[in-house]
Amino acid sequence: MADFQTSTHRAKWIFTPQELVEKYKAANQRAIQTLEKYGTTQMEVDADGSLSYPEPIARDNADKHSRAKPLNIEEEQFMRVFYENKLREVCSAFYFPNKIQATALIYFKRFYLQWSVMEHHPKHIMLTCVYAACKIEENHVSAEELGKGISQDHQMILNYEMIVYQSLEFDLIVYAPYRSVEGFVNDMEEFCGAKDEQNQILKDLQETARIEVDKIMLTDAPHLFPPGQLALAALRCANEMHRVLDFERYLRSILTRQNSEHTISQLIESLNAIDTWVRKYKFPTEKDMKHINRKLKSCWGHSSHDDKKREKKRHKSNKSSNEIPNGPSIG
Amino acid sequence: MGDGNNTSGRGIAANNTTSSSNSEKPEWLQQYNLLGKIGEGTYGLVFLARIKSQTNRGKCIAIKKFKQSKDGDGVSPTAIREIMLLREITHENVVKLVNVHINHADMSLYLAFDYAEYDLYEIIRHHRDKVNHAINQYTVKSLLWQLLNGLNYLHSNWIIHRDLKPSNILVMGDGDEQGVVKIADFGLARIYQAPLKPLSENGVVVTIWYRAPELLLGAKHYTSAVDMWAVGCIFAELLTLKPLFQGAEAKSTPNPFQLDQLDKIFKILGHPTLEKWPTLGNLPHWQSDSQHIQGHKYDNAGLHSVVHLSLKSHAFDLLSKMLEYDPRKRITAAQALEHEYFRIEPLPGRNALVPSQPGEKIVNYPTRPVDQNTDFEGTTSIQQSQPVSSGNAVAGNMGGAHAGRNGSVNRPMPAPMQRMPQGMMAYNFPAQAGVAGGMNPGGIPMQRNIAAQAHQQQQLRRKDPGMNMPGYPPQQKSRRL
């Protein structure tokens, strides 16, 4: 793996909690403004992957749309959480390696730092992120195959692909904490001078830590902390269960060996903060989701009639793009 | 990255409105003057363009246009992979990605790079076919050192290039980076951890001449040692002007066994043995021995005579360590940079094209041919018609170009030079006295730049319309860059 220290991940995608709040706020505000202006928030994606803002609403509809209620920041969060879990389900259904699941999840999270869920449906983005992660990790799956496997329109994935890359600012190499966990466990073997019977305990520790990382990855912590710290937080939790080593002593030894600028108290503070994120994690109830989905529908100005129209229009544009295999070149 | 306002995904709508009209250039393209096509390959086309904007006005950019991948396959994986790697790396000896442009109409990607006027393929070809003499030692050593320096950076960032060959090693033309090597074309590059598939599965054809023996024998896993083998082949080619192992490629099946290529290698390096290369027995093609390569008998190694080097020379020692059969014993880029060859005269320098000896002839390499007849997908009218080679000499750009040059005179040595062995400066002093008139008022670094200026003046003169290089074909068959 390329070096995390000089990576775009470290330079551009680790934020302070304030910055993160600002980003969510900004995306939410923008969508709300769009709703006020146009009566709908959803961006149109054409078959060529380009985006357009909604057409201003016609007068006779204005009344109906003015009743549309935008999602608040917490509801947006719920929506993301719901689809992050869906993303995992999709990856498991395809038996994708863990690495792909982790990469897709980070892509999804980063995408919604730039956009509101009211602007791009998380279902489409989730699938596109899985598709993109497969491409990047060289586990190529065609969009068609992916779409078929979960009965979704694969053209949607292709339409969104470029927008996803663009929203990720083409920073596509991401660092998940799973490898860091492995690295630290190897290091712990030496640290403990592990004998055979201890090796099994370390394996159990690693397995528990992996499950902890899974939990951490569904929170906002990956936007706030480097993967190494996320891994250590997971390992500390796992260690409380397995009691393999004196964790604070281990942390001190890492800091000394790495000549780190961090003090032990700073590091522990970070790990505590990560734990808090995991404790605070809330999964929406069915009732929450029903409510949110209803709101979203109103934001998108969907009626069954509109849906049909949209469907028709999309298929039409697909057809035209197929007729000219390479597209009408630059225009 | 991306077009300024497009970066975060905002402003795409605006972009879309321009792309709705086929007759107009897309917005992003309007910031360039398109000069013509300079290359073509399996991945797509490369165009040369000049920046219009005030900052960097007149600066040349190479725009690599990727073909759309198979229908229904979305954005080109090669393009995406190249971008993703280049986003993470910055090094003086690695090509610089300046921008990524998107054409929504056909979902193709355009990568804008700093333009490099030369590449090793052209430099070698020019010496072989036009000037009929070897590349001078200083240039060979400087090119090799910088290539290794860039490669060491890549390898220490866990990136294997996998497709090093002379045409992928670029050299900068006029300007403050004159004679600096840039490793290019990362379409096949891999991060170690990523699952590495056989090349055939990527559906990519790469030159077999620079392919390491372990790959030819069917090794499934790439290591950075494959790049070092390629460097060895390139080193030999710089010395002799001929590809070292010029095997005929077998093309029958998707990933055929390249018997002739191995035969060419064994003929020069001798038969590999389990003694010298213990893991040889595990390699599929050696094991199966379907074409009886195990039984072939080859004469003794004759590498030194092929490359005309004394067995005792440092150059030969380094070359033979790069062409070590066992990838685990093969010299690494970091070790090669420390090799004695780079500590003896002539010492390597930053501007590889300026010879260190005062009497040495300066070779004017041909500038890259520009095909002005190929337009940008049939939608763009090419406005500039003067040859690119007039580069900095275009009126109105003179001021800027000269300021840049003067500014570079006292520039501190760049990082790679600091890695250079001690003593180089002392050596260059007398060497350039001839050029600079024996004065050395401002410290050593200036010396080479004075020489550089002299060189540049020559080049400018050469580029004068009246003094065009005679006999050099203005157009040539496009090839993979």
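Start by selecting chain A: 40% of its 331 residues count as buried. Here "buried" means that 20 or more other C-beta atoms lie within 10 Å of a residue's own, "exposed" means 12 or fewer, and "partly exposed" is in between, with C-beta atoms placed from the backbone. What you have open is a predicted model, where local features need pLDDT of at least 70 and side-chain atom pairs count only at pLDDT 80 or more, while totals for chains, interfaces and linings use all residues. To find your way, note that residues are numbered from 1 along each chain as its sequence is written, and that chains are lettered from A and ligands numbered from 1 in the order in which they are written.

**Stop 1: chain A**

Switch to the cartoon view. Chain A has 16 helices and 2 strands. Both kinds of element are DSSP runs numbered from the N terminus: helices are H or I with at least four residues, strands are E with at least two. Of the contacts in chain A with a separation of 6 or more, 75% link residues 24 or more positions apart. A contact is two residues whose C-beta atoms, placed from the backbone, lie within 7 Å.

Now colour chain A by domain: domain 1 is 18-173 + 301-323, and domain 2 is 177-280. Those bounds come from an automatic or database domain assignment. Where the two touch, domain 1 of chain A puts in 8 residues and domain 2 of chain A puts in 7. On the domain 1 side, α4 (73-93) and α5 (98-114) of chain A each supply at least two residues. Which helix gives the most to that side? Select α5(A), which gives 5 residues.

Next, select residues 85-166 of chain A, listed by UniProt as "domain: Cyclin-like" in an unreviewed entry. UniProt positions follow the numbering used here, feature names are shortened, and annotations may be inferred rather than shown by experiment. This stretch of chain A is 74% helix and 0% strand, with its end C-alpha atoms 24 Å apart.

**Stop 2: the largest nonpolar core**

Show C129(A), V130(A) and A234(A) as sticks: in the largest nonpolar core, which has 188 residues, these touch the most other members. Such a core is a set of buried Ala, Val, Leu, Ile, Met, Phe, Trp, Tyr and Cys residues joined through C-beta atoms within 7 Å. The largest share of this core, 12 residues, comes from helix α6 (residues 225-240) of chain B. Zoom in on V130(A): leaving aside neighbours within four places in sequence, V130(A) is in contact with L87(A), V90(A), C91(A), A104(A) and L146(A).

**Stop 3: chain B and its five-stranded sheet**

Move over to chain B, which has 15 helices and 10 strands. Of its 481 residues, 44% are buried.

Look for the open sheet of 5 strands, paired antiparallel in the order β1-β2-β3-β5-β4 (chain B). Two strands pair if DSSP finds at least two bridges between them. At the edges are β1 (32-40) and β4 (97-103) of chain B, each with a single partner strand, so one side of each has no neighbour in the sheet. From one strand to the next, the twist averages 25°. Zoom in on β4(B) and β5 (residues 108-114) of chain B, an antiparallel pair with 6 bridges. One spot to label is N99(B), whose bridge partner in β5(B) is A112(B).

Now add helix α2 (residues 77-88) of chain B, lying across β3 (60-66), β4 and β5 of chain B at about 40° to β5(B). Angles run from 0 to 180 degrees between N-to-C directions, using axes fitted to C-alpha atoms, for helices over the stretch in contact.

**Stop 4: K65(B)**

Select K65(B), in strand β3 of chain B. UniProt's unreviewed entry lists K65(B) under "binding site". Is K65(B) buried or exposed? K65(B) is buried, because 21 other C-beta atoms lie within 10 Å. Beyond its neighbours within four places in sequence, K65(B) contacts G44(B), L45(B), F47(B), S108(B) and Y110(B).

**Stop 5: a three-stranded sheet**

Elsewhere in chain B, find the open antiparallel sheet of 3 strands, ordered β6-β8-β9 (chain B). Its edge strands, β6 (118-119) and β9 (181-183) of chain B, each pair on one side only. Between β6(B) and β8 (residues 169-171) of chain B there are 2 bridges, and Y118(B) has V171(B) as its bridge partner in β8(B).
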